[in-house]
Amino acid sequence: MPALSPTMTEGNIASWKVKEGDSFSAGDVLLEIETDKASMDVEAQDDGILMKIMQGDGSKSIQVGTRIGVLAEPGDDISQLEIPADAKPAQSAKKDAPAEKEEPKQSASSEGSGAQKQPRRSGEKAPPQKYPLYPSVAHLIKENGLDESAVSEMTPTGPAGRLLKGDVLAYLGTVSASRPEEIMKRFNHNAHLDLSNIKIAAPKEVAKKAGEAPIKEARVPEERLVSLSVSLAAVIAAQTKLEETLGTFIPLSTFLERAAQVANDALPLPSNYKPTADELFNQVLGLDKVGPKASRGRYLPQIAALPPSSFTGVAPKPKAKKLDIIDFLASSSKTTPKKRTIPTQPGMSTGINFFSLKVPKDEEKRAQVFLQRMKTVLESKPGNLVL
């Protein structure tokens, strides 16, 4: 019968969880023990076989230390094993004890219930307590009328050298003197988690199921180059006219930027367009048919100048104009004003330019609509972009 607490002296067997001849592993519940305070399960410390049950289910008032069963090692043939002789139970041990030890106990019991048991002295002085006593320990010391000198003779087995209730009971002789130390060793053993025998398992390979298609890698969307020729002659003419009439020079980049803003407005949806939550809700209500299905784009074309198609070789020299005597005499007093050359951005020409966009395949038609709009705006009425 194991002692499940420092104050436990006897217990009852509620039921055995393992039958005779059955094998068990470490951690399995062997039996359930009842005390006057609680009911607890007793787990196996090692693997083994339950060879014999000495105290069956429902046994009452079994003293701590009394044999209740016999265990064998794993793999043993229990039919060939002999059960060792049982040790004397606690009650018979008390009867066979010398008369010198019984006399003080009998005299103490005859004196009344208030008499104290003979304390056990180890002869070694325990270190002083660094912490206050637990309430249960202080109550037990006061109840038995012990003083500070008796406390100094008790051997503490608690954490950080603290005195426990079992230490006081061992000093008074109520429990075995070695019992608190055994409990402390078992507690320290169980408090340490031994991971030396644990190995990290190798990662398991995921077995491919029959007929399962292999996982395809994500492909980069195919891109298309969409281009269109646009003439900037009307833009240059509008730029020159604004400078001559209003005296304000507007750079060519301003015309192109505003033309892109106009062309990006209300473009048709791409073929792979996924509607938003609001648009799906409008479809349920039937509101998606009220307005056109379009969205604003974010395109910005690349512009490159094209060489003139009529250029085949060396440019012909301009023909010399015949000089009239009247024109010669008139030029001395009047000079014709020089026209200002309007600069253009690098890569642009005042004639035909190449507008291009590199877009995914699904947005090819959408990009064509954008470039066509820019062509229409820049070639028809570019002055409306800045006025």
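In strand S5, Phe24 finds its bridge partner in Gly48. Strands, like helices, are DSSP runs numbered from the N terminus, with at least two residues (E) for a strand and at least four (H or I) for a helix. Strands S2 and S5 pair in the antiparallel sense over two bridges, and at least two bridges found by DSSP is what it takes for two strands to pair. The model is a predicted one, so local features need pLDDT of at least 70 and side-chain atom pairs count only at pLDDT 80 or more, while totals for chains, interfaces and linings use all residues. Residues are numbered from 1 along each chain as its sequence is written, and side-chain values use heavy atoms, with hydrogens and water left out.

Phe24 and Gly48 belong to a bigger picture. The open sheet has three strands in the order S2-S5-S7, with antiparallel pairing. Strand S2 (23–24) and strand S7 (69–72) are the edge strands, each pairing on one side only. On the S7 side, four bridges join that strand to S5 (residues 48–53), and the two run antiparallel. Ile49 has Ala72 as its bridge partner in S7, and Leu50 has Leu71. In general, strands of a sheet pair through backbone hydrogen bonds, either parallel or antiparallel. S5 is largely enclosed by the rest of the structure, because five of its six residues are buried; buried means under 20% relative accessible area, exposed means over 50%, and partly exposed lies in between (1.4 Å probe, protein chains only).

Just what happens in the loop between S5 and strand S6 (62–63)? Ser61 is found there. Ser61 has a positive phi of about 50° although it is not a glycine. Most residues other than glycine have a negative phi. With 43% relative accessibility, Ser61 counts as partly exposed. Ala266 has a positive phi too, of about 55°, and is not a glycine either. Ala266 sits in the loop between H8 and strand S9 (267–268), and its 38% relative accessibility makes it partly exposed.

A further set of strands centres on S12 in this account. Strand S8 (residues 223–231) pairs with strand S12 (residues 352–360) in the antiparallel sense over nine bridges. Strand S11 (residues 302–305) also runs antiparallel to S12, joined to it by four bridges. Ser356 of S12 turns up in both pairings: Ser227 stands opposite it, and Gln302 has it as bridge partner.

Next come the nonpolar cores, each a set of buried Ala, Val, Leu, Ile, Met, Phe, Trp, Tyr and Cys residues joined through side-chain atoms within 4.5 Å. The largest has 26 residues, and those with the most contacts inside it are Leu232, Phe255, Phe355, Leu357, Phe370, Met374 and Leu378. S8, helix H7 (233–246), helix H8 (252–263), S12 and H11 are the elements that give two or more residues to this core. A second, separate core of 15 residues includes Val18, Phe24, Ile53 and Ile62. Back in the largest core, Met374 touches Leu256, Ala259, Ala260, Ala263, Pro301 and Phe355, not counting residues up to four places away in sequence; contact here means heavy atoms within 4.5 Å.

Helices H8 and H11 pack at an angle of about 130°, with their axes 9 Å apart. Axes are lines fitted to C-alpha atoms, for helices over the stretch in contact, and angles run from 0 to 180 degrees between N-to-C directions. That angle makes H8 oblique to H11: under 35 degrees counts as roughly parallel, over 145 as roughly antiparallel, 65 to 115 as roughly perpendicular and the rest as oblique. H8 passes H11 in a right-handed crossing, where the near helix is turned clockwise from the far one by less than a right angle (anticlockwise would be left-handed). On the H8 side the contact is made by Phe255, Leu256, Ala259, Ala260, Val262 and Ala263, and on the H11 side by Phe370, Arg373, Met374, Val377 and Leu378.

Another residue of H11 (residues 364–380) is Ala367. Ala367 counts as buried, at 0% relative accessibility. Leaving aside its neighbours within four places in sequence, Ala367 is in contact with Val226, Tyr299, Leu357 and Val359. The C-alpha atoms of Ala367 and Gly297 are separated by 9.0 Å, with their positions 70 residues apart along the chain.

Elsewhere, helix H3 (residues 135–143) and helix H5 (residues 165–172) pack at an angle of about 25°, with their axes 8 Å apart. That makes H3 roughly parallel to H5. Val137, Leu140 and Ile141 of H3 make the contact with Lys165, Val168 and Leu169 of H5.
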